[in-house]
Amino acid sequence: MRGAFGLFFGLSVIFTSSASFAEPTFPEWIKIQEKRSFRSLVDIYTKPADKSKGAVPASPSKKDPNYYFHWVRDAALVTEPFVAVFLNTKDETTKQAIFHWLHDYVEFSRELQGTPNKTPGFVGEPKFYVDGRAFDEPWGRPQTDGPALRTLKLIPFAMHLLDLGKDEYVRSFLFDPTSPGSGLMGGDMSYVSEAWAFPTFDLWEEVLGDHFYSLAVQRRAFLELQRLSNRMGDPALGKTYEAEAHKIEERMSAFWKADLKRIVPTLRAQWGPAKASQLDTAVILAAIHTRSGKAGAWEPSDDRVISTAHQLIKAFRALYPINQQYDRPGIAIGRYPEDTYDGVRTNSVGNPWFLTTLALAEYSYALRLSLETQEKILISDLNLGFLSSAMSGTELWVGMTLEKGEPAWNELLKGLVRVGDAFVARAGFHMNRETGAMSEQIDRHTGFMRGAEDLSWSYAAFLSAVWTRERILRPSLR
Ligand code: NOJ
Ligand code: NOJ
């Protein structure tokens with residue numbers, strides 16, 4: 001996600017709610033919900049008096065479930081929209097305010113890196129109390145995606161600070177090639193170098209093993225750190241990060257199962273619930289959280305990812321009763337079919353989530369953006385299903401080639417926006433109508449919200465999806 005376009009004309013706009021008498025159109029509603037979502041993140045981050053300044057609570061919910069913790073993964077994903085606004089706003093007051101918020105987050109995170117906790121090496125500890133104390137109860141440890149994600153999502157911040165001539169800040173707080181283990185990013189990635197080849201708990205905090213999602217964010221973080229090292233005048237150091245990324249990429253290839261036509265989420269599982277389907281939206285989250293905007297391996301336009309997305313949609317369409325009501329837009333998507341976590345209890349029945357439903361929206365938009373950089377696309381047995389769902393008349397077949405500019409190509413590109421919009425509308429259908437509030441989950445039978453209220457990751461996922469959409473509609477912003 002690179003832009004917060006057309007949204008921020010200053011804090012006054014962010015903090016004013018738009019009231020109107022007529023029902024808003026879909027694009028109007030998106031704008032309203034953008035403001036509400038960002039506002040909710042600002043509230044969660046700035047309002048509570050009982051937290052450290054830079055702590056990002058996953059949710060204000062303190063009971064059933066207690067999500068009032070700073071989760072390293074969630075916090076990294078919530079930082080992304082703040083970084084996007086920092087990069088794009090023309091308003092100095094907004095820029096200053098956001099700089100201070102990001103700085104607090106950086107400082108808090110550096111403290112956590114040095115806070116003794118139950119994870120050997122400390123940096124892979126998944127969550128902390130919001131006052132910075134180590135969480136000392138049993139939990140799925142380590143979770144090595146978190147530090148990689150934190151570095152990855154701060155790279156655009158570091159790059160922008162260099163653009164502004166703030167090299168000293170970057171070197172002191174984030175990354176210094178002359179002392180590559182220092183700074184927040186240096187600390188994160190030297191930990192990740194040591195840890196990535198070993199088993200970790202997955203992003204759902206349940207299974208100990210090798211995980212596609214964790215490897216994907218670790219690989220991309222190394223590649224981005226290479227870019228930063230080059231930019232800061234140390235290409236030799238950059239090469240060492242590139243080599244690390246290549247090693248991770250070799251490991252990732254094993255997750256593609258040609259017989260199943262899907263990327264599986266986990267290999268060498270040692271502990272945690274078994275997932276017979278080997279289908280998990282984590283794979284799509286990996287593709288969107290690490291996309292570079294170019295076509296390539298594991299990007300949204302990779303046929304292996306397209307095939308996995310299609311299978312996930314089919315599985316969740318069949319699984320959830322609320323997806324059988326045909327007067328609803330789109331399809332509600334969950335984590336994985338065998339999920340038994342209902343938002344409070346583990347041995348229950350799983351539900352669709354906002355952030356996974358919105359992930360499929362972002363995925364469709366990102367696929368469209370990626371296709372726009374290509375001259376043609378070959379229809380294969382892997383992409384046929386998903387791409388056909390975006391067509392509104394023309395039939396596709398394996399072996400067919402669609403070339404840029406021809407009617408079927410245009411139909412496909414338009415259709416991908418329509419497919420994405422249906423997921424966004426579906427998420428919208430289950431939000432609080434008045435306030436735009438989003439919790440973690442959507443009850444699979446009733447469609448009412450469940451689980452942690454005001455989950456900050458849900459809002460970040462909404463912003464990430466609709467800002468990707470905005471880049472399609474306003475090419476000048478790319
Ligand atoms: C809380 C975790 O965060 C969630 O992902 C998991 O499903 C439940 N605990 C059950 O283990
Ligand atoms: C449960 C999710 O599975 C996990 O990914 C997340 O970090 C925590 N909840 C906190 O939101």
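**Note on the second largest pocket and its two ligands**

1. The lining of the second largest pocket divides by class into 16 nonpolar, 6 polar and 7 charged residues. The model is a predicted one, and the values below are computed from it.

2. The volume of this second largest pocket is about 630 Å³. It is lined by 29 residues, and those closest to its centre are W139, W204, E205, E206 and Y341.

3. Ligand 1 sits in the second largest pocket, and ligand 2 sits in the second largest pocket as well. W204, E205, E206 and Y341, listed among the residues closest to the pocket centre, also belong to the surroundings of ligand 1.

4. The surroundings of ligand 1 consist of W204, E205, E206, R335, Y341 and T346. Sorted by class, this shell holds 2 nonpolar, 1 polar and 3 charged residues.

5. Polar contacts of ligand 1 involve both backbone and side-chain atoms. For W204, a backbone N or O atom lies 2.7 Å from an oxygen atom of the ligand. For E205, an N or O atom of the side chain is 2.3 Å from an oxygen atom of ligand 1. For E206, a polar side-chain atom is placed 2.4 Å from an oxygen atom of ligand 1. On its own, ligand 1 has 290 Å² of accessible area, and the protein covers 81% of this.

6. Around ligand 2 there are 13 residues, of which Y67, R73, D74, L203 and R335 are the closest. The shell is made up of 8 nonpolar and 5 charged residues, with no polar ones.

7. In the contacts of ligand 2, the side chain of D74 has an N or O atom 2.5 Å from an oxygen atom of the ligand. A polar backbone atom of L203 lies 2.7 Å from an oxygen atom of ligand 2. R73 contributes a polar side-chain atom at 3.1 Å from an oxygen atom of ligand 2. Taken alone, ligand 2 exposes 290 Å², of which 98% is buried by the protein.

8. R335 links the two descriptions: it is listed among the closest residues to ligand 2, and R335 is also one of the residues that surround ligand 1. As for cover, the protein buries 98% of the area that ligand 2 exposes alone, and the corresponding value for ligand 1 is 81%.

Methods: Residues numbered from 1 in each chain as written. Chains lettered and ligands numbered in written order. Predicted model: local features only at pLDDT ≥ 70, side-chain atom pairs only at ≥ 80, totals over all residues. Heavy atoms only, no water. Near = heavy atom within 4 Å. Polar contact = N/O pair within 3.5 Å; in protein donor to acceptor, adjacent residues only side chain to side chain. Areas by Shrake-Rupley, 256 points an atom, 1.4 Å probe, with all protein chains shown as cover. 1 Å grid on protein atoms, 1.4 Å probe; cavity = no way out; pocket = protein on both sides within 12 Å on 5 of 7 lines; lining within 4 Å. Sits in = over half its atoms within 2 Å of the grid points. Nonpolar A, V, L, I, M, F, W, Y, C, P; charged D, E, K, R; others polar. Points joined across faces, edges and corners; volume = space filled by probe spheres on them.
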